[in-house]
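Biologist: Pick one residue and take me through its surroundings, please. Then work outward from there until you reach the other chain.

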There are 2 protein chains.
Amino acid sequence: MTPAERIAETLLGRRVLLLNHVSPDGDCLGSTLALARALRARGQQAVVASSDGVPEMYRFLPGANQIVTALAADEPFGAAVFMECSTPDRAGALAARAVGVPLWINIDHHMSNGGYGDLILYDPAAAAVGELVTPIVQALGPIDADGATCLLTALLTDTGSFRYASVTPRTLRIAADLVQAGARPVDIYTQVYENRPAAALRLLGMALSRLEVSPDGRIAWTSVTQEMLRTSGTSMEESEGIVGMLRAIGGVQVALLFKEEPDGIRVSMRGRPGVRVNVVAEAFAGGGHAAAAGFTATGPLPEVVRRTLDAVQRELAAGAVS
Amino acid sequence: MTPAERIAETLLGRRVLLLNHVSPDGDCLGSTLALARALRARGQQAVVASSDGVPEMYRFLPGANQIVTALAADEPFGAAVFMECSTPDRAGALAARAVGVPLWINIDHHMSNGGYGDLILYDPAAAAVGELVTPIVQALGPIDADGATCLLTALLTDTGSFRYASVTPRTLRIAADLVQAGARPVDIYTQVYENRPAAALRLLGMALSRLEVSPDGRIAWTSVTQEMLRTSGTSMEESEGIVGMLRAIGGVQVALLFKEEPDGIRVSMRGRPGVRVNVVAEAFAGGGHAAAAGFTATGPLPEVVRRTLDAVQRELAAGAVS
């Protein structure tokens, strides 16, 4: 019996609580929804819960309107599934409702997973938890088109549409099975990514218009100020994605976005392979990974820009000799 | 014997000329390079030719540096492969070199294909010609990592990274085989799409900053002027992709880009499913498909914008009642 089949068998006959992590993404939402759907098709009771609700872009997912953000204190469950939660508290306020549930199942693909739970399905080589959940769903019965849409959304959103380094033959074979079962990548992509407000594009336009590049072409940066947010009618959330676009400039090794927040300047950094932007972030008491890191600084914007660029130049020089 | 196996067998023992279409894309270049590579691995002679050379973004493809743009008049070939050429003349100036070649092979997935040639491998359900060429390459022998990179580039670039409506289970299964053989989607994506000049992003920024949306939210448009090209240091080529970004605004049914060219205003239109922008283009003596069409108009920019928006409004109203 595979680990996926063992989980499927264990869930049958239990009332199941499926918990998403805080700030839920397409991977955990698609995975919990598909698993709940498969359990219900087998006559089971399953409740999908998300402490932070469902972001607008994922409300098209079949079953998303039944996701709850609160649970009655006396609602009994026979099993709790933690989806993509490195520790139980990553499920947010609703994690408390799993206390006393007799069986915990921990499904994750992040290196940081703490290894808690009675049953663990953990594979850091999976491009998405959807890749781990699909075999559980298949063990419960044939996947229908709605279930396939949930699982393909998990895979597509966690791999940047099948282009990240995490994509393996298994990822693409599972995606093929899900398309065969009725999921349509074009519809998922349109729902998730082609629904931006016009104001967000205007803000992007302002930020790109003032883009700067270092003389050696290796550093690109721009900023988003409170004044730009007012002019475009946006909030700082809409600045997401800008720094990734700067990283896509030919020759650029490090891209930076300086965000003027009320309490200081938030600096987001992205590096190409071989550059460690977390080293720069740590020097300013921030953190992150080699490819994506950030920190918050105080002081006037031009001063923060100058200090940060100096640190990035030093890191690039250090990388060149190491 | 499958059609792919028949083509593989027919090519063995012949000196093969592989012709790309004019303005070659990742699909035809990746397909011709992979097929030539497989033939050479079997000890055959194969020449890949492209009347328009190789665009910068595809020069990373293994073997791209051996693609020729001219051929000696007396160079003998036993077979000519027309890759993704709806008619032979789509191969450009080099099409003339196929005259007198005893065997023509026509490989295409476009509805417009004219059905010429001695052997035809035609499948409009294929998401890319790479999907049709992979079985030919497999019939010639195991695909190596470089061959897989060429073929995955064909698939990835012709499907917008596996998200267009054309993607089928077969597309994704072939992609899985190619990743298994050593192709890396992240590297291909980086080479093709993450190499933009900073000036192109500044132009994009200017265009998005002046983006307008109709009061009903269904039409979005912006323009690129000669003045913007001068300020950003770009050419009109760098405006590619702008209209597609406008189409991704939530609620927008038709997106338009007005390009101020020396001889008039070039209008590019993109429509969501259900809208026929080609009807608008045809009213102005242009053409295209329901989802993407264009035309050229004369007159001052504000006047062209007004006339075009009126026509788009009429088409949207007509669509609503039909």
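Modeller: Two residues count as in contact, or touching, if their C-beta atoms, placed from the backbone, lie within 7 Å. Keep in mind that this is a predicted model, where local features need pLDDT of at least 70 and side-chain atom pairs count only at pLDDT 80 or more, while totals for chains, interfaces and linings use all residues. Residues are numbered from 1 along each chain as its sequence is written, and chains are lettered from A and ligands numbered from 1 in the order written.

Let's start at A:Leu19. Leaving out residues up to four places away in sequence, A:Leu19 touches A:Ala49, A:Ala80, A:Val81, A:Phe82, A:Met83, A:Cys85, A:Ala91, A:Leu94, A:Ala95 and A:Ala98. A:Leu19 is also one of the residues touching the most other members in the largest nonpolar core, which has 128 residues; A:Leu18, A:Val81, B:Leu18, B:Leu19 and B:Val81 share that distinction. A nonpolar core here means buried Ala, Val, Leu, Ile, Met, Phe, Trp, Tyr and Cys residues joined through C-beta atoms within 7 Å. Buried means 20 or more other C-beta atoms within 10 Å of a residue's own, exposed means 12 or fewer, and partly exposed is in between. There's a second, separate core of 78 residues too, with A:Leu208, A:Ile242, B:Val213 and B:Val275 among them.

A:Ala80 leads us on to A:Val101, whose contacts beyond four places in sequence are A:Leu17, A:Phe77, A:Ala79 and A:Ala80. A:Val101 sits in the loop between strands E3 (79-83) and E4 (104-108) of chain A; helices (H or I, at least four residues) and strands (E, at least two) are DSSP runs numbered from the N terminus. A:Val101 is only partly exposed, because it has 18 other C-beta atoms within 10 Å.

Now for the other chain. The contact takes 38 residues from chain B and 38 from chain A. On the side of chain B that touches chain A, helices H5 (169-180), H6 (185-193) and H7 (198-209) each supply at least two residues, and H7(B) gives the most, with 9. Every interface residue of chain B (100%) is also an interface residue in chain A, so the copies meet through the same surface.

Chain B lands on chain A with an RMSD of 0.0 Å after a turn of 180 degrees and a shift of 0.0 Å along the axis. The copies are therefore related as by a two-fold rotation axis. They were superposed by least squares on C-alpha atoms of residues with pLDDT of at least 70 in both. Within chain B, B:Gly205 comes closest to that axis, at 1.8 Å (C-alpha).
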